[in-house]
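Open your viewer and get ready to click through a short tour. We will move from selection to selection, and each stop says what to look for.

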Amino acid sequence: MAISATLSTDIKKIREEFPVLSQKVNGRDLVYFDNAATSQKPRQVIQALVDYYQTSNANIHRGIHTLAERATKAYEETREDARAFINAESSSEIIFVRGVTEGINLVASSYGRAFLREGDEVIISALEHHSNIVPWQLICEEKKAKLRIVPVTDIGEIDLDAYRKLLSDRTRIVATNHASNTLGTINPVAEITRMAHAHGAVVLIDGAQAGAHLDIDVRAIDCDFYCLSAHKMYGPTGTGILYGKRKLLEAMPPYQGGGEMIKDVTFEKTTYNELPYKFEAGTPNIADVIAYREAFRFILGLGRETIRAHEHDLLTYATEKLSSMPSVKIVGTAAEKVGVVSFVVDGIHPFDIGQMLDARGIAVRTGHHCTQPLMDRYGIEGTVRASFAVYNTKEEIDRLAEGLQRVINFVK
Amino acid sequence: MNNETPRSIAAIQDEIIADFALLDDDAEMKVLYVMELGQKLPPMPDEDKTDENIVKGCQSRVWLTARLEGDRVYFTADSNTAITKGLVSLLIRIFNGQKPEAILASDLHFMNAIGMERFIGTQRTNGFSAMIRQMKMYALAFKTKMEIGS
């Protein structure tokens, strides 16, 4: 009990670190429950962006002047912190990308183009975001490979028996998320990986919904690729990382050509730079990468266990509160979840609920959440989704329930 | 056939603006009011809710049909979301019983005056424009038909 009491005092302090939270929307205190789409940013991340432009702006890696040195050093320090954050073996296995979407596209294009053959199979789960579906569809079409889908159970868990049956010697790649953006389900990624490796397949994990919430250890999971988006974990928009095991990244052809990624260029032949630069063509998103470091620090500073415990409290509270409302049905009740509650209300369209809640200053997401196949699985068009971050409180969940009750009363 | 001369489009818009002015610029009251207007919209027969009658460009599903009675246009509509249904009901209130030329020539300005974009957001506002466009298309079709017929 003592832990949660301390935390609730701390939450006030934590909230003060997020300037955006202290505003009114439609005359009421903002309640921000759209964290699975993007989280808000603490002062230290915002300040790092400002500092970079005010003191260190220069292009990295090529210049020998002081500012270029300073910018390069800061950029590479983020790479090292990213390595530590996911416990990768070497920082040369960390590639900066725009986010998870680009990370998956990079692997699908580069690895897929080099190693997929006609008749090979790629397995994804029915829980995937469109960004972990479409890149595989594209490369499978190009290579005449087959995309296989692991179904999910009624409560929203990956059906591991069905997965076992889909795996075969034709399986080349398995891709799934660490946690579902729509249902919150935490997937047994280490087990999924172990099963895939037994068939010689490589595994990519989409960590978009894990970055801010779960402990990530790529060596314990033993996955071959892992992607994160900075903006969903208190960092800036437009950057993220792709982790890949060194020997795979070395075997893969470059994804894009340009400056930075080359060693020597003649018109006859170009030799490529070493990892990770081989995959970082052109001037990268320097400022956002540098500020991303502060997001890692923010999370580790609070402690991932503390964050997880608080968000789990919120999830439990919200689940109880919403389940007690007769016309509300929660979609996705897996045993292990991150702080995501997706729900539908009898006779009221999610858009209407979203609009009504916004009128009361509450930000939720409505619609299919870029997981249309998953919506089809449950025979619904969309849901209302409340997703939590470390700065959310139980009082805010009360406001959500109150707003929801008001719409329900009005419609009935 | 309805021979009653309807009030002008401008007069009905003024009336809508006056109605919304009573809501104290409170977003929640405006949304509830719009939903309430939708509840009062006369029902659309299920057989009219076809893919062909869906208004393109709306995020919600909106079905719209129109008929000409004499020289006047009448619309029927429905939507799968309550707020959108309320929004289309505002357009029906303005346009029903008007002549095709009047609909085509109309300049709708009430949306700005009631601060619609602020309480329903940009996406729905875009959908709203799509509804107006579709209604004007019907008016144009009827106008052409009347000209050919005469």
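To begin, select strand 5 of chain A: how many of its residues are buried? Five of the five are, so colour the strand as mostly covered. A residue is called buried here if 20 or more other C-beta atoms lie within 10 Å of its own, exposed if 12 or fewer, and partly exposed in between, with C-beta atoms placed from the backbone. Strands (E, at least two residues) and helices (H or I, at least four residues) are DSSP runs, numbered from the N terminus.

A note before you click on: this is a predicted model, in which local features need pLDDT of at least 70 and side-chain atom pairs count only at pLDDT 80 or more, while totals for chains, interfaces and linings use all residues. Residues are numbered from 1 along each chain as its sequence is written, and chains are lettered from A and ligands numbered from 1 in the order in which they are written.

**Stop 1: strand 5 and its neighbours**

Show the side chains of strand 5 of chain A. Glu121(A), Ile123(A) and Ser125(A) point one way, Val122(A) and Ile124(A) point the other way, and all are buried. In a regular strand the side chains alternate between the two faces of the sheet.

Now add strand 7 (residues 171-177) of chain A, which pairs with strand 5 (residues 121-125) in the parallel sense over four bridges. Two strands are said to pair if DSSP finds at least two bridges between them. Click on Val122(A), and you will find Ile173(A) of strand 7 opposite. Leu147(A) in strand 6 of chain A also stands opposite Val122(A). Strands 5 and 6 of chain A pair in the parallel sense as well, over five bridges. To get from strand 5 to strand 6, the chain passes through helix 5 of chain A, in a right-handed β-α-β crossover. (Right-handed: with the strands pointing away from the viewer, the path from the first strand over the helix to the second runs clockwise.)

Select helix 5 (residues 134-143) of chain A next. Helix 5 lies across strands 5, 6 and 7 of chain A and runs at about 145° to strand 6.

**Stop 2: the whole sheet**

Widen the selection to the open sheet of seven strands in chain A, in the order 4-10-9-8-7-5-6 with mixed pairing. Strand 4 (94-97) and strand 6 (146-150) of chain A stand at the edges with a single partner strand each, so one side of each has no neighbour in the sheet.

**Stop 3: where the chains touch**

Select the contact between the chains: chain A gives 10 residues and chain B gives 12 residues. Two residues are in contact if their C-beta atoms, placed from the backbone, lie within 7 Å. On the chain A side, helix 12 (350-359) and helix 14 (394-411) are the elements that give two or more residues. Helix 12 gives the most, with five residues.

Zoom in on helix 12 of chain A: 10 of its 10 residues are buried, so the helix is largely enclosed by the rest of the structure. Among them are Phe351(A), Ile353(A) and Met356(A). Just after helix 12, look for Gly361(A), which takes a positive phi of about 80°.

**Stop 4: chain B**

Finish by showing chain B alone, with its six helices and two strands. Read along the sequence, the pattern is α-α-β-β-α-α-α-α. The C-alpha trace of chain B spans about 50 × 35 × 25 Å along its principal axes. Buried residues make up 33% of the 150 residues in chain B.

Conventions:
Axes are lines fitted to C-alpha atoms, for helices over the stretch in contact, and angles run from 0 to 180 degrees between N-to-C directions.
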